[in-house]
Amino acid sequence: MAFTDKQESLVNSSYESFKQNLSGNSIFFYTFILEKAPAAKELFSFLKGSAGVQDSPQLQGHAEKVFGLVRDAAGQLRATGTVVLGDASLGAIHVQKGVVDPHFVVKEALLQTIKKAVGDKWSAELSTAWEVAYDALATAIKKAY
Ligand code: HEM
Ligand code: ISQ
């Protein structure tokens, strides 16, 4: 099914909500991931050896990049029906880290973070738009492995 203008604008506007509280939303995102997958702490160089999730420009920057990529993927899906990686090295980074499959925890963390960010604007339609964009991006990264 084609990715619609409506879906793209749902992703774009909720991405703006995410950015409006980048600090709080990033902490929520990392905390969610580490609660569901404690082993991930050792995978991320910027968390490894740390006491836990602490607010920092570095952590915010990495989170912003991940959400930004999904947002870009939504734009590409709407415009061309497919997702092409701007940064081909993303496949290699994940291989190097031993991530052989897009992990469901990252997707779930992303969706729950957007849900928290948008508050009462949350809807099944909004969720689906993020899921479709995430899945297409994850597939593009996996292809680049
Ligand atoms: C690195 C994005 C899925 C684990 C990265 C980087 C990006 C990225 C942009 C580069 C480092 C940065 O600047 O943050 C994504 C996107 C994903 C995805 C868009 C899905 C659509 C996953 C999954 C895992 C994972 C499922 C599994 C836990 C990692 C790790 C690194 C990394 C361990 C290396 C971080 C470091 O220590 O520098 N990812 N990722 N990623 N990703 Fe992902
Ligand atoms: C990179 N890949 C997947 C998930 C991430 C979460 C936070 C920061 C970077 C990430």
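I will talk through the two ligand shells, one helix and the nonpolar core of this structure.

This is a predicted model, in which local features need pLDDT of at least 70 and side-chain atom pairs count only at pLDDT 80 or more, while totals for chains, interfaces and linings use all residues. Residues are numbered from 1 along each chain as its sequence is written, and chains are lettered from A and ligands numbered from 1 in the order in which they are written.

Let me start with ligand 1, which 20 residues surround, the closest being Leu43, Ser45, His62, Lys97 and His103; a residue counts here if its C-beta atom, placed from the backbone, lies within 6 Å of the ligand. Helices H3 (40-43), H4 (57-80), H5 (89-96) and H7 (124-143) each give two or more residues to that shell, helices being DSSP runs of H or I with at least four residues, numbered from the N terminus.

Around ligand 2 we find His62, Ala63, Val66 and Val106, and H4 gives the most to this shell, with three residues.

Turning to helix H2, its 15 residues, 22-36, should span 21 Å at 1.5 Å a residue (1.5 Å times one less than the number of residues), and the end C-alpha atoms are indeed 21 Å apart, which agrees.

Finally, the largest nonpolar core has 30 residues, and Val70, Ala73, Ala74, Trp130, Ala133 and Leu137 have the most contacts inside it; such a core is a set of buried Ala, Val, Leu, Ile, Met, Phe, Trp, Tyr and Cys residues joined through C-beta atoms within 7 Å, where buried means that 20 or more other C-beta atoms, placed from the backbone, lie within 10 Å of the residue's own. The largest share of this core, eight residues, comes from H4.

Note on methods. Buried ≥ 20, exposed ≤ 12 C-beta atoms within 10 Å, placed from the backbone.
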